Amino acid sequence: MKTRRLATTGVALVTVLGLGLTGCGSRTGADASADRGAAAASASPTAEPAAELTAAIQRLNEQSMRVKVSSSLLTADGVADPTARTMDVTLSLGELGEVHSLVIGDDAYLKLSGMLGKQLGGSKKWLHMDAGELSGGQLGLMPADDPGGVKKLLSAVVDVRRTGDRAYAGTLDYTRTGADPKSLAAAGDKAKAVPFTATVDERGRLTVFEMDLAPINPMLGTMAASYSDFGAPVRLSKPAAGDTEEAPAELARAFTGGS
């Protein structure tokens, strides 16, 4: 029963997060390269804006930042330093509760509250797992090198146009993101034309990325990721050994929607 409840929770998380936060899935190198090639071909009439936006997104790899994600179903707030592979982010899922994730190198720690915490037995300790399990798989929860999930969407960009000073707009083909086709079936061709807008700062760094996910599911509305406080120190420490325990195996299966 406990495993079944955890699996149900994992599927719920995939449903809530997978359609925006991280593109709902890991991409193999071959898949990502092929999709980027297709995106570049589609965007060739607007190659300059596309190149500018790609460069702005890639600059998020260069230094620490604060990241915030907001939508009608979830909010997230935290800090990340991709160069040091560290991240401290709290994800709020309304009635489901909160997921506090701490990533330091190869180690990831989770604290779950509310309904999520209860389904794991109500432990108050940090649950330790391999960082690859946290950021990989179908869910891809807030990876340290892409905390807002924007870089994964690069392969899905169909077109980009400049709309103002350091401002862009375009469309995404969400079927290229690795999302579960079943999640997109009801949207039909609308999933291939998801509108987005983006803003960069004077140093060419992405600061805001918004997607209108209503064409996929009206409940999702607009999902926005914002980046700020570039270069601010991110000093994190691993929880004390007495405050941690190994995450149950079913937790990873729940996060990936497995059985």
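## An aromatic pair, two hairpins and two unusual loop residues

A search of the whole structure, which is a predicted model, finds one aromatic pair, where rings of Phe, Tyr and Trp (its six-membered ring) pair if their centres lie within 6.5 Å, and planes under 30 degrees apart count as stacked, over 60 as edge-to-face and the rest as tilted. The ring centres of F196 and F209 are 5.1 Å apart and their planes stand at 10°, so the pair is stacked. The pair links distant parts of the chain, with F196 in strand β9 (residues 194-200) and F209 in strand β10 (residues 206-212), 13 residues apart; helices (H or I, at least four residues) and strands (E, at least two) are DSSP runs, numbered from the N terminus. Both F196 and F209 are buried, that is, under 20% relative accessible area, whereas exposed means over 50% and partly exposed lies in between (1.4 Å probe, protein chains only).

Residues are numbered from 1 along each chain as its sequence is written, and side-chain values use heavy atoms, with hydrogens and water left out. In this predicted model local features need pLDDT of at least 70 and side-chain atom pairs count only at pLDDT 80 or more, while totals for chains, interfaces and linings use all residues.

The predictor's confidence in each residue, pLDDT, runs from 0 to 100; the protein averages 76, and 70% of the residues score at least 70. Over residues 1-46 pLDDT stays under 50, and for these residues the model has 102 contacts beyond four places in sequence, a contact being heavy atoms within 4.5 Å.

Two hairpins involve strand β3. Strands β2 (residues 75-81) and β3 (residues 86-92) pair in the antiparallel sense over seven bridges, where pairing requires that DSSP finds at least two bridges between two strands, and V79 stands opposite D88 in β3. Strand β3 also pairs in the antiparallel sense with β4 (residues 98-104) over seven bridges, and in β4 the bridge partner of M87 is V103. Four residues lie between β2 and β3, and R85 in that turn has a positive phi of about 55°; five residues lie between β3 and β4, where G94 in the turn has a positive phi of about 60°.

Two loop residues that are not glycines also have positive phi, and both are partly exposed, as tabulated here.

| Residue | Loop | Phi | Relative accessible area |
|---|---|---|---|
| R166 | between β7 (157-164) and β8 (167-172) | about 60° | 33% |
| D229 | between β11 (222-228) and β12 | about 55° | 47% |

Strand β12 (residues 244-246) contains T244, which, leaving aside neighbours within four places in sequence, is in contact with Y109, K125, W126 and P239.
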